[in-house]
Amino acid sequence: DLAGLLGKMDRAEEGLALMPEVLGLLRGRFGEQHVDIANALNTEAVLRQSAGDLPGAEAVWRDVLAMQRATLGEDHPAVTNTLHIACYLSILHSLPA
């Protein structure tokens, strides 16, 4: 996962630039709703957070959450984890600067 690796190297903007291609390839292979697409979106959300785009990260994590619920079911641990992260970012986003 080159985009994720770039994020870990403090090169989140470069990783974000790869995400449209990554998501396009995955959607072409799996359609719109698939766990691999949710995982790629999760990477995008992490990159957005690393780049300082908390509102963008929150929005993408909400998309991840919806896709995980649809593909994995409400009781899956990944759903719980993503819900926790989305709530945390929502709180951060609402704090005064």
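Helices here are DSSP runs of H or I, at least four residues long, numbered from the N terminus. Keep that in mind, since I will use helix numbers throughout. One caution: this is a predicted model.

Start with the overall picture. The chain has five helices and zero strands. Along the sequence, the pattern reads α-α-α-α-α. There are 97 residues in the chain, and 32% of them are buried. The exposed area is about 5800 Å². Carbon and sulfur atoms supply 57% of that area. Now the contacts. Take those between residues at least 6 apart in sequence: 48% of them join residues at least 24 apart.

Next, helix packing. Two packed helices are described by the angle between their axes and the distance between the axes. I have two pairs to show.

First pair: H2 and H3. H2 covers residues 12-30. Its axis is 10 Å from that of H3, and the angle is about 165°. Angles over 145 degrees count as roughly antiparallel, and H2 and H3 are therefore roughly antiparallel to each other. Their crossing is left-handed. Who meets whom? On the H2 side we have Ala12, Gly15, Leu16, Met19, Val22, Leu23, Leu26, Arg27 and Phe30. On the H3 side they meet Asp36, Ile37, Ala40, Leu41, Thr43, Glu44, Leu47, Arg48 and Ser50. By class, this contact of H2 with H3 has eleven nonpolar, three polar and four charged residues.

Two H3 residues from that list deserve a closer look. Take Leu47, in helix H3. Is Leu47 buried or exposed? Its relative accessibility is 2%, so Leu47 counts as buried. Leu47 and Ala12 sit 35 residues apart along the chain, yet their C-alpha atoms are separated by 5.1 Å. Both residues belong to the H2 and H3 contact I just listed.

Now Asp36, also placed in helix H3. Asp36 has 31% relative accessibility, so it counts as partly exposed. Which residues does Asp36 contact, leaving aside neighbours within four places in sequence? Leu26 and Phe30. For a distance, look at Leu23: it is 13 residues from Asp36 in sequence, and 9.4 Å away in space, C-alpha to C-alpha.

Between these two helices comes His34. Its place is the loop between H2 and H3. At 23% relative accessibility, His34 counts as partly exposed. Look at its partners. Not counting residues up to four places away in sequence, His34 touches Met67 and Thr71. Ala70 is 36 residues from His34 in sequence, and the C-alpha to C-alpha distance is 8.6 Å. Met67 and Thr71 bring us to H4, where both are among the residues that meet H3.

So to the second pair: H3 and H4. H3 runs over residues 35-50, and H4 over residues 54-72. Their axes come within 8 Å and cross at roughly 165°. That makes H3 roughly antiparallel to H4. H3 passes H4 in a left-handed crossing. From H3, the contact takes in Val35, Ile37, Ala38, Leu41, Asn42, Glu44, Ala45, Val46, Arg48 and Gln49. Their H4 counterparts are Leu54, Gly56, Ala57, Val60, Trp61, Val64, Met67, Gln68, Thr71 and Leu72. The class count for H3 with H4 is 13 nonpolar, five polar and two charged.

Last stop: Val79. Where is Val79 placed? In helix H5, residues 77-94. Val79 has a relative accessible area of 1%, which means it is buried. Not counting residues up to four places away in sequence, Val79 touches Leu65, Gln68, Arg69, Gly73 and Glu74. Of these, Gln68 has come up already, as one of the H4 residues that meet H3. Val64 is another H4 residue from that list. Val64 and Val79 are 15 residues apart in sequence, and 8.7 Å apart in space, C-alpha to C-alpha.

To recap the packing. H2 and H3 pack at about 165°, and H3 and H4 cross at roughly 165°. The crossing of H2 and H3 is left-handed, and H3 passes H4 in a left-handed crossing. On burial, Leu47 in H3 is at 2% and Val79 in H5 is at 1%. That is the tour.

Technical notes: Residues are numbered from 1 along each chain as its sequence is written. This is a predicted model: local features need pLDDT of at least 70, side-chain atom pairs count only at pLDDT 80 or more; totals for chains, interfaces and linings use all residues. Side-chain values use heavy atoms; hydrogens and water are left out. Axes are lines fitted to C-alpha atoms, for helices over the stretch in contact, and angles run from 0 to 180 degrees between N-to-C directions. Angles under 35 degrees count as roughly parallel, over 145 as roughly antiparallel, 65 to 115 as roughly perpendicular and the rest as oblique. A crossing is left-handed if the near helix is turned anticlockwise from the far one by less than a right angle, and right-handed if clockwise. Contact means heavy atoms within 4.5 Å. Ala, Val, Leu, Ile, Met, Phe, Trp, Tyr, Cys and Pro count as nonpolar, Asp, Glu, Lys and Arg as charged, and the others, Gly among them, as polar. Buried means under 20% relative accessible area, exposed over 50%, partly exposed in between (1.4 Å probe, protein chains only). Accessible areas come from the Shrake-Rupley method with a 1.4 Å probe; for residues, only the protein chains shown count as cover.
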